[in-house]
Amino acid sequence: MKKLSLANLDAFFAKIADKQALYMPIENKAGQLQFQRWTEGAKLSVGCNTVRSAKDFFFPQTENLVDFKVKGKEIEIIDSRTEKEDFVIFGVRACDVRSFAILDKVFLSNPVDTYYKSRREHGTIISLACTHPEETCFCRTFGIDATQPEGDVASWITEDAVYFQPQSDKGQKLLEKCGALLEEADESPVLRQKQQTKTYLDKLPLATLSTKHFENKDQLEVFNSEKWAELSEACLGCGTCTFVCPTCQCYDIRDFDTGKGIKRFRCWDSCMYSDFTKMAGGQPRLTQLERFRQRFMHKLVYFPINNDGEFGCVGCGRCLKKCPISMNIVKVMKTLEGEEK
Amino acid sequence: MNTEALIPKIGVVTDIRIDTPDVKTFRIVGLDGKKVFEHIPGQCAMLSMPGVGEALFSITSSPTNKDFLEFSIKKCGCVTDWLHQMEVGQQITIRGPYGNGFPVETNLKGKDLLFIAGGIGLAPLRSVINYVRDNRKNYGSVQIIYGSRSKDDLVDYREIIDEWMNDEGIEVNLTIDREQEGWDGHVGFVPNYVKELNPDIRKTVLMCGPPIMIKFTLAGLKELGFQDTQVYTTMELRMKCGIGKCGRCNIGSKYVCKDGPVFRFDQLGELPNEY
Amino acid sequence: MQVNEIKEFRPKIVAFCCNWCSYAGADLAGTNRLNYPSDVKIIRVPCSCRVNPMFILRAFQRGADGVIICGCHPGDCHYTSGNYYARRRMTLLFSMLDYLGIEKERTRVEWVSAAEGAKFAATMNDFVETITKLGENKRLEDLRCKE
Amino acid sequence: MQKIGVFVCWCGSNIAATVDVSAVSEALSHEPGVVYATNYQYMCSEAGQNTIKDAIKKYGLTGIVICSCSPRMHEATFRKTAAAAGLNPYMVEIANIREQCSWIHKDMATATEKAIILGKAAIAKVHLNAPLTASQSPVVKRALVIGGGIAGIQTALDIADAGFEVDIVEKSPTIGGKMSQLDKTFPTLDCAACILTPKMVDVAQHEKIKIYSYSEVEAVKGFVGNFEVTIRKKARYVNENVCTGCGLCTEKCPQKNVPNEFNLGMDKRRAIYIPFAQAVPKVATIDANYCMKLKTGKCGLCEKICTAGAIDYSQKDQLIEQKYGAIVVATGFNPIKLDNFEEYSYSQSPDVVTSLEFERITNAAGPTSGQLLRPSDGKHPHTIVFVQCVGSRDTSGCGKPYCSKICCMYTAKHAMLTREKYPDTDVYVFYIDVRTPGKNFDEFYRRAAEEYGVHYIKGMVGKVAPKADGKLMVQASDLISNEQLHIDADMVVLATAIEPDKSARPLATMLTASMDTNDFFTEAHPKLRPVESPTAGIFLSGTCQGPKDIPETVSQAGAAAAKVIGLLAKDTLTANPCVAHSDEMMCNGCSSCEKVCPYGAITYVDKEFRMPDRTVAIRRVAVVNEAVCQGCGACTVACPSGAMDLKGFSNSQIMAEVDAICK
Amino acid sequence: MQRIMAEKAKELLQNGTVNRVLGWKKGEFVYDITPAVFNNTEEIDAEFVYDDFCANNLSKYLIKESRKEGKVLVFLKPCDTYSFNQLLKEHRIWRDHVYAVGIPCDGKIDLDCLKKQDIQGIVGIETQNDNFIIHTLYGDHTIAKEDALAERCLNCKSKKHVIYDELIGRDGEVLDSHRFDMVEKIEAMTPDERFAFWRGEFSRCIRCNACRNVCPACSCENCVFDNPKSGIANKAAADSFEENMFHIIRAFHVAGRCTDCGECSRVCPQNIPLHLLNRKFIKDINEFYGTYQAGEDTESRAPLNIYNTEDVEPSIVYKKGGNH
């Protein structure tokens, strides 16, 4: 374990930012935490989690896939990608780090999504242990330890220092580069902090939320539950939950005619949108009930079926905070479970 | 498989055949004049005109055809409208092949096969039929029951008459929905015709057509004594990426573009009825 | 003169003209051989009230540097009231664009009658000059549409 | 995709001198969808048109772009050319490279560059053109004239003389209107009754004209060529067909104390009455507000004495439905109420009268049998003050902002006639301006002032106050000599502003015809279409459109009739196919579009829809009446959902042009 | 209040006036309230809630609910009644299928106000006079009510119910609010500052469409931004232009129809002050064409659907509209 005096934090950031882009949670104009590029004088904010998840780094809101030029009957295909630059994300919480593993299962499974892969390879993640979990947090439900986050480097911020623990070669190399600022340290302050945080985690209102009901579940049984109607009743069909979710990865591919050529891009899409599955031949999910059900079936049932029981949720609690009508995965889980009792 | 799954290749349209008033068959080769890729019968490919859109279509030609790919496409939307007004020599983009295809080298081998198709549903089956015809010794008897609204709406009519009907060991049963002048064949809906023909229940069924036809034919087959495990179908649902990632083509836990489009009915039975 | 101008900025200007007054006014400017820059391209619409804010934004997206809407003088609308509606819509839209910090001079409404060929030409000369001074539209551009 | 042909015209040297036409046709030939591009000296010539026709046939063109002069010049020509070759005429687009390119630019390079861009925009548009067919609707060969004054009478007669059926709806028991109340007419001083009553008789006797007197328009549906109108025929308790108009009942009726509206309440009539001797139709009407029989059930005298047996106390209002091809509004005017003008003491002194009242006083059939007598004491007045602009040109909000137009002249007439008949009378006229723009008008005014010795004083009357001796103290200012005047007058006559009849506003709503803020009907175009309402099939006659005198009214009435005849002469109407269209799947039924439509072309229906979730829902959706829509496009922008679009100038077409221009 | 409302709902359900009730339902925490339809008295007893967190404007749900069979009881706060009225005016709600009960509102809490004051881990909230006592995992906080209220409530435009079938409590007055202060502040900026301000705001937009989907004025069957045929359909705001366009066009489409209920800003996950766009239009309309409050009545014509021959010219923007 390495230790960095808090007084040296900016120097540490400057050292990293010297060679590559460095991102971290910084308060924006709206008073929200947002991953932003660090520049001299920017202030790291660690009060709570960011509003948008860290998935943007690897799966941005929109990205250009390929360009076309059309002339007469001929088409030219242009792969306009350029080499990505290396970057470091500091301050990713345990839940968000886990979300990368979930996204990996989608994007890195065969056939590999090279756009995602390239970003993934260029990014180094310095995670940060939580000290003041929020009432909406329930990462423990999915077996995540908020005090011991995954990532290339794990970090803990105490009153006077930051402690680092490399967890991958990439992480190791990053720390080596900043070796001058770091010193070997005893991990007892970290252990003390973990202990303290655990007492909070135990007290969280959702501390006892369990996925048991959904483990090895027959998909038809959950699918056919009568509770979906009531749960989806007030859903506005917006994409807030989807877009703040660290694991939602549905996308749409569209063409944009610039007048000088065609740009094919992909962008976030939401299964909550009424046009998500609309196609020339018809619409298989006709009502908001079906679309709402799809989102939660995917996270709680389909994803585990296809991924050795791993759920498509990391308990970050963003949707609990941001849904305009306060309907969320916790309510869905509790309601469906309650039905059985 | 293509290393850049989302970046297409260029295909050149070398032949356009008008099958029915709203179905055309397009022959496509690569820029080098060769086949763009190899495939398994039942697989699909994503065709697109930049700026118009991208859509997934079954490959209609058989893998045994070494020269080109063919797609029979029915006009029913923005992309297909555009494809229908193309002329020979037009370039389009193509990527694929996608999906599992029919188990022609495993489960179907040595079996007596019954093909049931309605309308444009013949398109994916034609690939299998021609594959079977070209590897005749690997399969048992072949029966094809094909129906459409009218004589004019029978896709690949010439090929059926000139080639399939002349093949030994292939029984072709055609039907149209309503009486029509110049038609002395069977008249009636496919599900009823299947029941009338009362096929041997040891056959393996490959079925494709409009949902309503599938529904009633399946019920009819079951009445005759067929099991879900004997019947395969293929679906084309709201696919966008073609590689199981964009998240819209799933039926329950299965992605049509990746785990399908060919499903056996016993598999579908375990999935939500959301298709 | 010509030698020193290395890269002269030529604005792209879209003019929506109502069929009955302003388009005819533009025709009259032509008939009288009145000069105005070729940067102005006219789109004929039945009435100024046909101009949807969407069109104006679309023009800026596609690289226009200025958009001008010409209609019959208030009270003279061929359809009696179209320009009155256009006037309200455009006033509010322009005010909103200004509120968003987008140069207000890039959008304009002028009433030009079928007899005012000279006014049409003068208006266009003036508008082109204004836009040329303002320079390229940067605040309401779509980078994808720029080469 | 369309197969497009591009035809670039040289227009001799008009275009070709400044625009490199072959460069244009060459450049445009590479645009998507263009299968043929050429240029020619004169595209509008027969040879040029043949080039187009041949190309349409040879290349199977589905759309053509002509780069030439303004579409205002030759769009119709080329549309016809296309139609002759079997191509829908609305698949033609014109790129204006003459008026808007070659004629305004001097430099060939820039002009050519611009011409190419204009051509590209036209090509981009024509890609999205759709064949349009003008809709046809039959014309009901019958006209309705609302209002039976001189305007309505003249319009009806002119239409009927052309051989079309006309109905007049008049809300009072007789036609004739305001003109029937007048004595003499300026500037010729001929007798109003002498010229009006023969016309009224003509109307009554015309086989093509039907009069619905004592009737009002209740409801209007439909559109140009095909209006469905409901007329309420009010109960007059007299069988019109039987009544001979002998007038016996009107002499015997015991209820004698009813204010006589024909004489503006200055004398009395009976409860059963004929408004005046020459009334048409000359039948009696029972005033239900005063008739004892109808109010209390007692009396019944008129029924007893009527030899024709025409009295029918049980009569009810009758609703008549009739179809019309055209409607003429001729609802006329009224003097304004003088409640806001207390300074003239109109409500306090009977000797302060309006000009119309003065007209009755001087009329031989009036309350004083034509003797100029003061209403208060029946004595002959020796000093009369006329006040001009009472409520006209008044921006204070008390009166009307406009000039009532007729007052200067009738005041001159009154002053002159008074001086002629009673030379011993002093006549003063207070005016702001004297406006005499009409044939022989100024001569007339000058005669009044110069020959007849009328005292014209430029100035305002500040106050009229009744004095104890029965005289009226008129306080006024003389603006020329700049002094205050005090005149003791026997009578004061107020040239009261006129305003549209109160029935006009609800009628305009029924007709979806627009009105200005003063409730005058607006014209389709103030200069070019002055007798038509913007709403197709609705025509304007007389003072409902604005203040005017009799000759002007009559000529406008004739003009309106000519327009109606022009409409009714057609068997069917061909509508402009570039009209608005609502996509009912997207329509919210919010009524925004209806509100901005100047023609009332949009209505709403509740329609059953199969919703995406397979349920059936009833939704309110807009429907555009293509026969009424004129294609301005106001609705398309008012519609937030984009359901409303304009054929021929659709959102996508205009945006394609924008794209092409900005490329 | 909650008890009175629940009693009223049960009474109307039992006497058959209505067959269901549109109200708010409790959540997991104190603040996560969900709009819900209650079909019987048991459901009301179990889950019905009305408190300082019931912020949702229920009028938009009536578009769907009023088209169903039977009559629905809806509880409307003063500002919600304006939306309800506006929707009635646009024929979007079937009036005879709705029983509207006006309820008082003292302003609703904005959770972000609490979070901004570093209050997190909220597990409970109590009201004490003019203060809230907030229990969190990390200790209690006391804050003044005023510091917890949403901006729209601090600048409440009206406590008057413009339409209802029945009113619970006393009706309030139209208030003299300061809701245009921030608009004026922006107007007073230089164009460069304004541009920077809005770019900063819009650049955070993730195009989740929450603002649109929650907006009672955005009641289109098919939004132009979802309709490929509209020519401006866009899903992602792939360029800063599209971010601008979405918000400009959306604001324009609701101009003259927006009642300033403030739901758009409430639901924006990125805290973009969308109400400042709507208020700009409202302010301009008031200044140019006379004061107009959408939803105040059902008869008046929307300012963009009417005109006056004496209207100001668009060039007023050059003279007036803000700082240079």
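**Exercise 1.** In this predicted model, work out how many residues of chain E are in contact with chain D, and how they divide by class.

*Solution.* Start by counting both sides: chain E puts in 16 residues, and they meet 17 residues of chain D. Then sort the chain E side, which gives three nonpolar, eight polar and five charged residues.

**Exercise 2.** Now do the side of chain D that touches chain C: which element gives the largest share?

*Solution.* Count again: 39 residues of chain D are in contact with 38 of chain C. Next, list the elements of chain D that give two or more residues to this side: α4 (71–84), α5 (98–102), α6 (108–127), α18 (634–638) and α19 (651–662). The winner is α19(D), with eight residues. Finally, the classes come out as 20 nonpolar, 12 polar and seven charged.

**Exercise 3.** Find the largest nonpolar core and look around C67(D).

*Solution.* The largest core holds 494 residues, and C67(D) is listed with V14(C), I64(D), A143(D), V328(D) and V74(E) as having the most contacts inside it. Skip the neighbours within four places in sequence, and the contacts of C67(D) include V6(D), F7(D), V8(D), I97(D) and G119(D). Another core, of 52 residues, lies apart from the largest one; Y346(D), F386(D), V429(D) and A497(D) are among its members.

**Exercise 4.** Check the span of helix α11 of chain E, then decide: is it largely enclosed, and why?

*Solution.* The helix covers residues 240–254, 15 in total, and reaches 22 Å from first to last C-alpha, close to the expected 21 Å. On burial, 14 of the 15 residues of α11(E) are buried, so the rest of the structure largely encloses it. Just after α11(E) comes G256(E), with a positive phi of about 80°.

Methods. Residues numbered from 1 in each chain as written. Chains lettered and ligands numbered in written order. Predicted model: local features only at pLDDT ≥ 70, side-chain atom pairs only at ≥ 80, totals over all residues. Contact = placed C-beta atoms within 7 Å. Nonpolar A, V, L, I, M, F, W, Y, C, P; charged D, E, K, R; others polar. Core = buried A, V, L, I, M, F, W, Y, C linked by C-beta atoms within 7 Å. Buried ≥ 20, exposed ≤ 12 C-beta atoms within 10 Å, placed from the backbone. Helix = DSSP H or I, 4+ residues; strand = E, 2+ residues; numbered from the N terminus. Expected span 1.5 Å × (residues − 1).
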